[in-house]
Structure formats: structure tokens, C-alpha cells
Amino acid sequence: MKTRITQMLLMLSSFILIFSGCNQASPSNQTEGEWKPQKPIELVAPAGAGGGWDTTARAVSKVLEEEKLITKRMAVMNKPGGGGAVGWAYIHSKKGDNHSLFITSPPILFVPLNGQSDLKHQDFTPIAGIIADYGAFVVKADSPYQTINDLVEVLKADPTSISIVGTSSPGSMDHMQFVKAMKAAGVDVKKLKYVSAQDGGGMGMVLGNKVDVYSTGLAEAAEQAKAGNVRVLAITAPERLEGDIISQFPTLIEQGINDQFVVWRGLMGPPDMDPRAVAFYEESIKAMMDTPAWQEQINLYGWQNYFMSSSEFGQFLDQEYEILRQLMEELNLAQ
């Protein structure tokens with residue numbers, strides 16, 4: 001009898017261990033080392049609609065969803081303000097959240113350098129580099145300035161005679177890409193009159209004759225040029241780009257100004273993300289770039305694929321930060 005009771009207890013113990021092991025399995029049936037989204041993903045564009053961050057966010061979201069490279073909805077949310085700082089602060093508050101991401105580009109380096117944000121690129125999790133884009137300098141279609149050199153001539157005579165608008169804050173990307181080009185052209189860049197339209201209204205200001213020049217991204221410039229609303233004086237690419245509209249845009253270099261400016265864009269997340277989630281998004285972005293749907297997007301906007309893994313992207317950001325820090329200190333723009 002005692003032996004039978006002992007056997008029954010052993011069988012009961014084995015059953016409990018097996019049942020307990022089943023209960024400890026992941027509810028999503030993910031094996032160790034794997035991760036997949038468990039709820040909708042929030043993709044923040046830290047600016048208003050229509051700009052480079054917004055365009056990139058919506059293109060990425062569209063292709064990832066349509067190609068079923070992500071299993072949950074990826075909703076784009078615009079968080080304008082502070083040259084990106086408002087959106088960064090929002091994401092930073094979501095420490096450890098694997099379902100909140102944002103599109104980033106050079107302002108994540110510029111804005112902390114000019115003292116307008118306490119958050120630096122090191123305060124976030126790099127996910128992947130995505131594209132290379134370029135800047136564009138546009139005027140209204142009926143502007144008296146036909147070429148970038150027409151503009152340079154006037155600015156050399158009086159740097160304060162022309163107003164320049166951008167959607168980024170002073171000392172950030174739209175401002176600095178124009179400053180860098182004009183410095184190469186021999187203009188006294190410390191006297192330039194730059195206006196910040198951080199609500200995304202830069203194009204409206206140039207079309208409404210409130211400013212003379214709009215320093216923006218290639219995608220927004222191409223859209224308005226196709227509609228016949230603006231003239232693109234120059235783009236910051238190293239050579240002419242392919243495309244129905246963008247192939248018509250002259251570069252700074254071909255007009256005798258030895259300068260270029262790459263507007264890289266990538267994906268970052270809040271601090272302390274699960275490394276498995278980082279790997280999932282990194283691989284999803286990499287797979288996205290091989291799809292015809294993504295090729296359509298980059299052809300439409302004149303982008304170039306610029307993939308970097310999470311580790312490569314982090315190292316790239318560190319290097320770019322040092323280069324830009326030196327440039328801004330030279331121009332007395334760093335805080």
C-alpha cells in the first residue's frame with residue numbers, strides 16, 4: 001500500500017511539472033530569441049505633414065504593412081515642434097516600449113548641438129539606416145531668381161536682403177544645409193536672414209510671397225515643382241538624379257558651388273528596447289528594401305537606399321555628430 005501511494009505521488013508530481021512547463025510557454029508561441037509586435041506600432045514623424053520625416057514615415061509604414069513584413073498596424077503620428085525635440089521627448093518618455101518608433105535624420109544631431117534639446121542621439125535606440133535624400137532650394141515659379149548663382153550674387157552684395165525659410169529651427173537641418181552651401185559660395189553666412197516655420201508652413205510662406213527662398217527636402221520640392229508652383233534653383237546631391245521631375249533639378253556642383261549635403265534618414269526607438277525587437281525591425285526594414293513596392297517609393301521621391309544595421313547606424317551617428325559639431329562651432333552656432 002505504501003509503495004502504491006509513493007508511485008501515485010510521483011506520477012502526480014510529474015504531471016504538475018509538465019503542466020507548469022506548458023503554462024510558462026510564451027502566449028504568442030515565440031521561441032527564445034524571437035520577437036513579434038503584440039499590438040499596433042506607433043511611428044512618429046517629429047514634424048508636420050508633408051515634410052521629409054512625414055513622407056518617409058508614411059512610405060515605410062505603407063510598404064511594411066502591404067508586404068506583410070509586420071503583423072500589426074503601423075500608424076504614423078505627427079509630433080511637430082522644436083525642430084524634432086517634441087517628438088523625441090515623446091518617444092523618450094516611452095522607455096522600454098518596443099512598439100514606439102520614430103523617423104530620424106540630421107536634426108537629431110543638430111538640435112542638441114544648438115542647445116534646443118537636452119536629448120541626444122545616444123539617448124535612443126538605433127534601429128536601422130533607411131535612405132539618403134537631398135536638400136533643395138526653391139523659389140516661387142515667378143521669382144526673379146532663375147539660378148542659384150542669381151541668388152548668391154544678391155546675397156554676396158547684401159546677405160540680409162533675402163529671407164530664407166525652413167521647417168527646422170535655426171542651427172538645424174534646413175538652415176544648415178543652406179548655410180553650408182552659401183559658405184561654399186563665398187557668402188557671409190553669419191548675416192543670413194533665416195526664418196523658422198516649424199509648423200510645416202514653409203512652402204506656404206514662399207508661395208504666399210512672405211519669404212524669398214525655401215530650404216527643404218527633395219520630395220516636397222519635387223511635388224510642388226511638378227504642380228508648377230515653384231522653381232528649384234539647386235539640389236544638394238553630388239550629381240543629377242533620375243526621375244521624371246527630379247532629373248530637371250540642377251546640383252550646386254554643376255553650377256560652380258563645390259558643396260553637397262546628404263539628408264540621411266533612419267529609424268530609432270526609445271531607450272532600453274528589447275534587443276530582439278531591435279533585430280525584428282532591422283530585418284523587416286532590410287527585407288522591405290528588396291520589394292518592388294519600396295522601389296516604387298524611392299523612385300517617386302528620388303531617394304537612394306542607405307541601409308545600415310543597428311550597430312552600423314549607431315557608429316555612423318557618433319561619427320556624424322563629431323563632424324557637425326566642428327562645423328557648427330566654426331560658425332558659432334553650437335551651444
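A pocket is an open set of grid points, on a 1 Å grid over the protein atoms alone, with protein on both sides within 12 Å along at least five of seven lines, and its lining residues have an atom within 4 Å of a point. The model described here is predicted.

By that definition, the second largest pocket is lined by 14 residues, and Gln260, Phe261, Val262, Glu320 and Leu324 lie nearest its centre. Strands β4 (125-140) and β9 (262-269) and helix α11 (310-330) each supply at least two residues of this lining. The largest share comes from α11.

In the largest pocket, 15 residues form the lining, and Ala222, Glu223, Lys226, Leu300 and Tyr301 are the closest to the centre. Helices α2, α8 (218-226) and α10 each contribute at least two lining residues, with the largest share supplied by α8.

| Pocket | Volume | Largest share of lining | Lining by class |
|---|---|---|---|
| Largest | about 360 Å³ | α8, 5 residues | 6 nonpolar, 4 polar, 5 charged |
| Second largest | about 280 Å³ | α11, 5 residues | 11 nonpolar, 1 polar, 2 charged |

Two of the helices that line the largest pocket, α2 and α10, also pack against each other. Helix α2 (residues 52-66) and helix α10 (residues 292-301) pack at an angle of about 160 degrees, and their axes are 9 Å apart. Angles over 145 degrees count as roughly antiparallel, so α2 is roughly antiparallel to α10. Their crossing is right-handed. On the α2 side, the contact involves Thr55, Ala59, Val60, Lys62 and Val63, which meet Ala293, Trp294, Gln297 and Tyr301 of α10. By class, this contact has 6 nonpolar, 2 polar and 1 charged residues. Tyr301 thus appears both in the contact with α2 and among the residues closest to the centre of the largest pocket.

Definitions and conventions. Residues are numbered from 1 along each chain as its sequence is written. This is a predicted model: local features need pLDDT of at least 70, side-chain atom pairs count only at pLDDT 80 or more; totals for chains, interfaces and linings use all residues. Side-chain values use heavy atoms; hydrogens and water are left out. Axes are lines fitted to C-alpha atoms, for helices over the stretch in contact, and angles run from 0 to 180 degrees between N-to-C directions. Angles under 35 degrees count as roughly parallel, over 145 as roughly antiparallel, 65 to 115 as roughly perpendicular and the rest as oblique. A crossing is left-handed if the near helix is turned anticlockwise from the far one by less than a right angle, and right-handed if clockwise. Contact means heavy atoms within 4.5 Å. Ala, Val, Leu, Ile, Met, Phe, Trp, Tyr, Cys and Pro count as nonpolar, Asp, Glu, Lys and Arg as charged, and the others, Gly among them, as polar. On a 1 Å grid over the protein atoms alone, a cavity is a set of points where a 1.4 Å probe fits but cannot get out, and a pocket is an open set with protein on both sides within 12 Å along at least five of seven lines; lining residues have an atom within 4 Å of a point. Grid points are joined across faces, edges and corners, and a volume is the space filled by probe spheres set on the points.
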